[in-house]
Each structure stands twice: as structure tokens, then as C-alpha cells.
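Q: I'd like a close look at a single part of this structure rather than a tour of everything. Please pick one stretch of the chain and walk me through its partners and surroundings.

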Amino acid sequence: MTPALALFLKAPRPGTVKTRLAAEIGARQALRLYRVMASRTLAVAAASGLDTTVWFAPADAAPEMRLWLGEQWTLRPQASGDLGARLAAAEHSVERGRGWLAIGADCPGVDAELLRVATAIIAHGEVALGPTLDGGYYLIGGRTPLPPLFAGIPWSTSGVLAETRARLARSAVPWRELPTLRDVDTAEDARAEGLLT
């Protein structure tokens, strides 16, 4: 069975996407870069052949998301709560024993080959984890149900990856890490990824 890919996106509204980046370069420019990164990520998801669901926020944005993304994507509203609650809800929507991966749209280095590698890791019964330079992760996946990896995590801090590794170790769940990549949260990140000059 083809693994499920959960792609987390926000409605493309000025002032609500890439807020740290927007504080540096302005809401309109941050929105433009978000749309570029989201388009690239959607192309990667399509090329991967995975069974992709776009999990969107806010919950009232379904018509806006459909207008933006077209008819080819399965859309579902993200659960309320922090990122952990939203990840858990997406994971729990997949039948038990099926491979599942989650990504966002703020890591330009994610490509279809990387998703294929993650899928192979999951097929071997391991958790796939894609670290970011800032101490978080750009991808997580495994066979459902995953161990308790999402509740009580210090989201949006440099401690996310370390806490996730610690929980995997405590659960005695084998995992493999993908290459460390940069996610785009600041103008410096955007310049490093060639999105800004």
C-alpha cells in the first residue's frame, strides 16, 4: 500500500504565513516566498507518487485552498491545538500499519528522492526523521501508530529534535535520519536557500 503523505499548509494570507520572515522583509514578500516554497513542495509531493493529503489551516479556508491548489489535491482542515495535536490528528487519520509521513512547505531542500528514501526507511519498520539546522525537523514518518512523539514537545524551539530523539530512544523504536536541511524562517535562511538576494 502506498504510504500516506501529510503536507501541512496555511492559507496564503498576508501576515499569517512565515511571520518571523515577514517581520524582516514585509508580509507581502514573505507571502510571495511562501507561495514559491509551497508550489515547489506540492510539485515534489506530486512527483513522489505518495498518497498526499494537504492539511490546511485555518479550518475555514477550504474554498480559498481549493481555489489556490485546484481540484487535484485531497484537502482536510488541520486539527485545532499546537503542532503536536495537528500532527497526531493527521497520523491517526491513517489506517493502522500503513506508512505515513508529514512535511511542511518551508524546507526547499525536500525533493522526491528524499521522500523515496524516507519511504524505504519506513518500509523497513523504522521511523524516518529529517533534522533541520535549527533543532527541529522537516519530516517525520513511520508505520502507524507511531510512538507518542507529538504531545508535550517544545514546538518552535531548538529542543524539538533532541526531545523527539529522546522519545524514540525511550520507546526503543529504531529510526534513521535523513540529511540535515535548512528550513526557511528568517531572511538569512531565505538568502542561504537562494530565495532572496
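A: Happy to: what follows is a walk around strand 6 and its neighbourhood. Please keep in mind throughout that this is a predicted model.

Let's begin with how the strand sits. Strand 6 covers residues 137-143. Of its 7 residues, 6 are buried, so the strand is largely enclosed by the rest of the structure.

Next come its strand partners. Strand 6 pairs with strand 4 in the antiparallel sense, and 5 bridges are found between them. If you want a landmark for that pairing, look at Ala102, which stands opposite Ile140 of strand 6. Strand 5, residues 127-131, also runs antiparallel to strand 6, joined to it by 4 bridges. Here a good landmark is Gly130, facing Leu139 of strand 6. Strand 5 and strand 6 form a hairpin with 5 residues between the strands. Within this hairpin Gly135 has a positive phi, near 90°.

Now for the aromatic rings. The whole structure holds 3 aromatic pairs. One of them is formed by Trp100 and Phe150, whose ring centres are 6.2 Å apart with 70° between the planes, an edge-to-face arrangement. Trp100 belongs to strand 4, while Phe150 sits in the loop between strand 6 and helix 6, so this pair links parts of the chain that are 50 residues apart. Both Trp100 and Phe150 are buried. Another pair brings in the strand itself: Tyr137 and Trp155 meet edge-to-face, at 6.3 Å centre to centre and 75° between the planes. Since Tyr137 lies in strand 6 and Trp155 in the loop between strand 6 and helix 6, this pair ties together parts 18 residues apart in sequence. Why do these two rings count as buried? Tyr137 has a relative accessible area of 15%, and Trp155 is also at 15%; buried means under 20%.

The loop between strand 6 and helix 6 has one more feature for anyone checking backbone geometry. The peptide bond between Thr144 and Pro145 is cis, with omega about 0°. Pro145 is placed in this loop.

From here we can turn to the open space beside the strand. The largest pocket encloses about 1100 Å³. Its lining is made up of 36 residues, and Leu83, Asp106, Ser156, Asp183 and Asp185 lie nearest the centre. By class, 18 lining residues are nonpolar, 10 are polar and 8 are charged. Which elements supply at least two residues each to the lining of the largest pocket? They are strand 1 (4-10), helix 1 (19-25), helix 4 (83-92), strand 4 and strand 6. Strand 6 gives the most, with 4 residues.

The strand takes part in the packed interior as well. In soluble globular proteins, nonpolar side chains tend to be buried together. In this model the largest nonpolar core contains 35 residues, and those touching the most other members are Leu9, Val54, Met65, Leu69 and Leu139. Strand 6 is one of the elements that give two or more residues to this core, and its partner strand 4 is another. The list also includes strand 1, helix 2 (27-48), strand 2 (51-57), helix 3 (62-69) and helix 5 (112-123). Helix 2 provides the largest share, 6 residues.

Leu139 is a handy residue for pulling this picture together. It stands opposite Gly130 in the pairing with strand 5, and it is among the core members that touch the most others. To recap, strand 6 pairs with strand 4 and with strand 5, contributes to the largest nonpolar core, and gives the most residues to the lining of the largest pocket.

Key:
Residues numbered from 1 in each chain as written. Predicted model: local features only at pLDDT ≥ 70, side-chain atom pairs only at ≥ 80, totals over all residues. Heavy atoms only, no water. Phe/Tyr/Trp six-rings, centres within 6.5 Å; stacked < 30°, edge-to-face > 60°. Buried < 20%, exposed > 50% of the residue type's maximum accessible area, 1.4 Å probe, protein only. Pairing = 2+ DSSP bridges. 1 Å grid on protein atoms, 1.4 Å probe; cavity = no way out; pocket = protein on both sides within 12 Å on 5 of 7 lines; lining within 4 Å. Points joined across faces, edges and corners; volume = space filled by probe spheres on them. Nonpolar A, V, L, I, M, F, W, Y, C, P; charged D, E, K, R; others polar. Core = buried A, V, L, I, M, F, W, Y, C linked by side-chain atoms within 4.5 Å.
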